[in-house]
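Student: I am new to this structure. Please take one part of it and look at it closely with me.

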Amino acid sequence: MKAAAERKIWRPGRSLVIAVPFIWLLLFFLAPFAIVFKISFAESQLAQPPFTNLVEWAEDMLTLSLNLFNYKDLVEYDLYLKGYLTSIKIAFFSTVFCLLLGYPIAYVISRMPPHTRNVCLMLVIMPSWTSFLVRIYAWMGILKGNGLLNNLLLWLGVIDQPLAIMHTPTAVYIGIVYAYLPFMVLPIYANLVKHDHSLLEASADLGAKPWTSFLRITLPLSIGGVIAGSMLVFIPAVGEFVIPELLGGPNSIMIGKLLWAEFFNARNWPGAAAVAVVMLLLLVLPLTLFHRYQARDLEGREDA
Amino acid sequence: MHSSWQKALSWGILALGFAFLYVPIIVLIVYSFNESRLVTVWSGFSLKWYGELFSDRQMMKAVGVSLRIAFMSATSAVVLGTMAALVMVRFGGFKGKTLFTSMITAPLVMPEVITGLSLLLLFVSLDQFIGWPGGRGMTTIWIAHTTFCMAYVTVVVNSRLREMDQSLEEAALDLGANRLKVFFLITLPIVSPALVAGWLLAFTLSLDDLVIASFVSGPGSTTLPMEVFSSVRMGVSPKVNALSALLVTGIASLTFVGWWLMRRQEHKRLADLQAAKRQQEMV
Amino acid sequence: MALPENKAKQKKVQLQICGVSKDFDGTLAVNNVDLDIYQGEIFALLGASGCGKTTLLRMLAGFEKPSAGSILLEGEDMARLAPYQRPMNMMFQSYALFPHMTVENNIAFGLKQDRMPKQQIADKVAEVLGLVQMEAYAKRKPHQLSGGQQQRVALARSLAKSPKLLLLDEPMGALDKKLRTRMQLEIVNILEKVGVTCVMVTHDQEEAMTMADRVGIMNAGILSQVGSPMEVYERPNSRMTAEFIGSVNLFEGELVVDEVGYVEIASDSLESNIYIAHGIVGSEGMALAVAIRPEKINISRTEPAQAHNKARGVVEDIAYLGSHSVYHVRLPSGFKVLASVANSNRQIASDEQQRITWGDEVFVSWSDSCAVVLYS
């Protein structure tokens, strides 16, 4: 009934309103993936553009050449294999750290009186509106050998040798958790704040202690927010380039950095495309998971 | 029901979280006023790095490029994003809706290197076959930024549209307004705070993007993050601190003003509502 | 509806509420309430929204702490016990069924907290599901149930732990009117079968009167009257109670004749005095009010034979309500008297009564014994 009413309102011009954003996204979001896929089978060449065509028409012959060399490279050089593994490992643990830090923050904020709640939420979001690059840059000054953290710790007498944090996986973890924390807090908060308080009262009324109530009621009901937040951290973190580039070192070479190097330094576009295709394949599952929860939110559905 | 240690724990968690989020930014700003070239050693207050920043022509040119791109991208992202949100919330089902929803949600998380590379390869292929967009530059960055910013705008406008009472639109139709008029006279004013928020968000996202822009930019269209990145790669420099301090305070105050305006509007609405109630009670 | 006064006297007190108050930032939501609840009875706290009845209930459950006073369950002070330690269970207005658990797991939740053996839990769940006739729905999730079914599950869940006291918060609040009347009786049957002591909160007087053995009327935080449904209806002790329960004709007046066997009260609304055929506590010149229920008022075209308690007026409005009709009769003083006439009478009534219609001049009258004198 409701759908029918909606249709009645927007009938004329409906197709146009759908078509404009739809076509834009098809052209500039979806089609590029097809092209990446195509070019990942091309050969690198010194020309403009720096790759070969897959289909050639020469001397009355149509030749289709699929070059699997780029994928063979990915398997044969353990640099890539290690890059993928490192990326997934770093992204996974960063997500876990973000969750451990972000869930309590979201929980505390959701339990505040509405006025304080809005101010606190604003304070969580604000850093993510300021420049990402600048925030990572800020950590460079803090973490490096003669940086602020080491100076502070030396001055306090906690250590007598500067800690080597910069250019280690630790620095990358700090950077990712720092940059992505707000993206974990927001969806969890949005979920927690909608919870019906009477459920917790019912749980207490039935004899559950506060901690049991949290584990049995609040936590399972907030799983949607946890998954959305985790995917908002995990997926971009897998392909992260800036953070490993600026804070990481030889032990934290992530796949985003390899793709970048392949493209900008080696100018091997088909190679970079193959790296991207494999990364995309690895992310299909997390992307589907994210889409399921996000779409539910966007379409205003409440079913579990 | 809150015992005092629970309260203390709550505030402890928040204090820790906020310290983690804000200490690096504050440190950055403080050291932008440092006299010394060594970023980590304090040697006295000075504004000289700001002076040097403003005399850096390359940097200033990049600021101009970035602002122009951000302005254009935010504006087009708001137009497209609002349409997409309208489609999601008000249009019911249609063929390809699942695909449409996927194309809205995926850009929110898609690793930037993938988006950047794929758009670049698209532009190169298009150039090859139809001769457009004719090389890379501001236009290609604008298209790329519009595409990923519109997803964010859609999410913001979407939630506001869903909160909106649809009977308002129906009432306007019932009173004889045509559909286009209903949209511009009823729907748009009501969701306008979300449009402003969406625009601001898109603006800052575009201003902030390094990776995608690096892929799709051409000669002469170096954006500010690209400029900053190339100098940061060389190591920490107090000039970048000064720039960062300006960026952070600029964007933060912009966000704060936007937030404050929206809050004031909300407060005024509530106050009006209460005044109306009192009046009713007195009658 | 049995008169529980006698029944209650033989029974022992299950719950004692002694001088309980609740102060919310300077406003007294509950003001010095004293109340005894007897074992096995269904007690309804009745009042308009904001009267403090829900706050009182929440203090029983332990969700709010009393600012003053004590709550004793079987003589044991509840003050120190957290909600999860109290041997009482509540059915929430919204039901508060856990959306991520099946019906079965919702009901088992409380039992699991007591670390009951698995088999025993299963038996108990089956038992209460049978009690509310929901055996077939054990594996469903709450959102797959209708409103009435959800209510049964909520009731089953709150009964599963065999609480010493069952609390019902607006039990019918989320149901539509038709389902409401059916469920009211059904729930009473279940509660009587279980024999649990029950305190419920409602704003619906019909619901309170149908379900409860005793009713407590709350107004502005004060418990103003406690009694059986019949008592509070027939013998209200204040203007507030009289007006809150059902509709009433309230004549403000002054005691002018005070004899041992009868009294007369003069009211500006009436031309002649109200005559009451029994003595009352009071003195001449005292201001008081007389309440007469609409169904106690007779209406006729000819002047009734009785000497007292009649008035002439004009029919201004007739509200046809199916089972009965309410006549609005305007007296010369401007006062409007409501007279309720059962429509079974109307059908078989004489032509004279049937002809009473808008604008007719009629007499309203009432017997010497049906008026209730109110002092406050």
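Student: In which sense do strand β1 (residues 55–58) of chain A and strand β2 (residues 61–64) of chain A pair, and over how many bridges? Please start there, then use that part as a way into the strands of chain C.

Tutor: One caution comes before the answer. This is a predicted model.

Now the pair itself. β1(A) and β2(A) run antiparallel, and four bridges join them. β1(A) covers residues 55–58, and β2(A) covers residues 61–64. Find Ala58(A). Its bridge partner in β2(A) is Met61(A). Two residues lie between the strands, and the whole unit is a hairpin. Look at Glu59(A) in the turn. Its phi is positive, about 50°.

Keep that hairpin in mind and move to chain C. There, a hairpin joins β11(C) to β12(C) through four residues. The two strands run antiparallel, with five bridges between them. One pair to find is Asp258(C) and its bridge partner in β12(C), Val263(C).

β11(C) spans residues 249–258. It also pairs with strand β14(C), residues 287–292. That pairing is antiparallel too, over six bridges. Gly253(C) shows the match: its bridge partner in β14(C) is Leu288(C).

Stay with β12(C) a little longer. It runs over residues 263–267, and Glu264(C) lies in it. Is Glu264(C) buried or exposed? Its relative accessibility is 16%, so Glu264(C) counts as buried; the cut-off for buried is under 20%. Which residues does Glu264(C) touch, leaving aside its neighbours within four places in sequence? Its contacts are Glu254(C), Leu255(C), Val256(C), Val257(C), Asn273(C), Ile274(C), Tyr275(C) and His308(C). Add one distance. From Glu264(C) to Ala277(C) is 13 residues in sequence and 8.9 Å in space, C-alpha to C-alpha.

Now turn to a sheet of chain C. Four of its strands make an open sheet in the order β2-β1-β4-β5, with antiparallel pairing. The edges are β2(C), residues 27–38, and β5(C), residues 76–77. Each edge strand has a single partner, so one of its sides has no neighbour in the sheet. Strand β1(C), residues 13–24, meets β2(C) over eight antiparallel bridges. Gln16(C) is a good place to check this: its bridge partner in β2(C) is Asp36(C). A helix packs on this sheet. Helix α2(C), residues 53–61, touches β1(C), β2(C) and β4(C), which covers residues 68–73. The direction of α2(C) makes about 120° with that of β1(C).

Another open sheet holds six strands, in the order β6-β7-β8-β3-β9-β10 of chain C. Here the pairing is mixed. β6(C), residues 88–91, and β10(C), residues 222–227, are the edge strands, and each pairs on one side only. From one strand to the next, the twist averages 20°. Within this sheet, β9(C), residues 214–219, pairs antiparallel with β10(C) over five bridges. There, Gly216(C) faces Val226(C) in β10(C). Helix α5(C), residues 147–159, packs on this sheet and touches β6(C) and β7(C), the latter at residues 165–169. Its direction makes about 175° with that of β6(C).

Try a helix residue next. Ala126(C) belongs to helix α4(C), residues 118–131. Its relative accessible area is 47%, so Ala126(C) counts as partly exposed. Ala126(C) and Met240(C) sit 114 residues apart in sequence and 46 Å apart in space, C-alpha to C-alpha.

Last, step back to the whole of chain C. It has 11 helices and 20 strands. Its C-alpha trace spans about 75 × 45 × 40 Å along the principal axes. Chain C has 376 residues, and 50% of them count as buried. Take the contacts with a separation of 6 or more: residues 24 or more positions apart account for 66% of them. The accessible surface comes to about 17,200 Å², and carbon and sulfur atoms supply 49% of it. As for charge, chain C carries 38 positive and 44 negative side chains. The centres of those two sets lie 12 Å apart.

Note on methods. Residues are numbered from 1 along each chain as its sequence is written. Chains are lettered from A and ligands numbered from 1 in the order in which they are written. This is a predicted model: local features need pLDDT of at least 70, side-chain atom pairs count only at pLDDT 80 or more; totals for chains, interfaces and linings use all residues. Side-chain values use heavy atoms; hydrogens and water are left out. Buried means under 20% relative accessible area, exposed over 50%, partly exposed in between (1.4 Å probe, protein chains only). Contact means heavy atoms within 4.5 Å. Accessible areas come from the Shrake-Rupley method with a 1.4 Å probe; for residues, only the protein chains shown count as cover. Lys and Arg count as positive and Asp and Glu as negative; His and the chain ends are not counted. The place of a charge is taken as NZ of Lys, CZ of Arg, CG of Asp or CD of Glu. Two strands pair if DSSP finds at least two bridges between them. Axes are lines fitted to C-alpha atoms, for helices over the stretch in contact, and angles run from 0 to 180 degrees between N-to-C directions.
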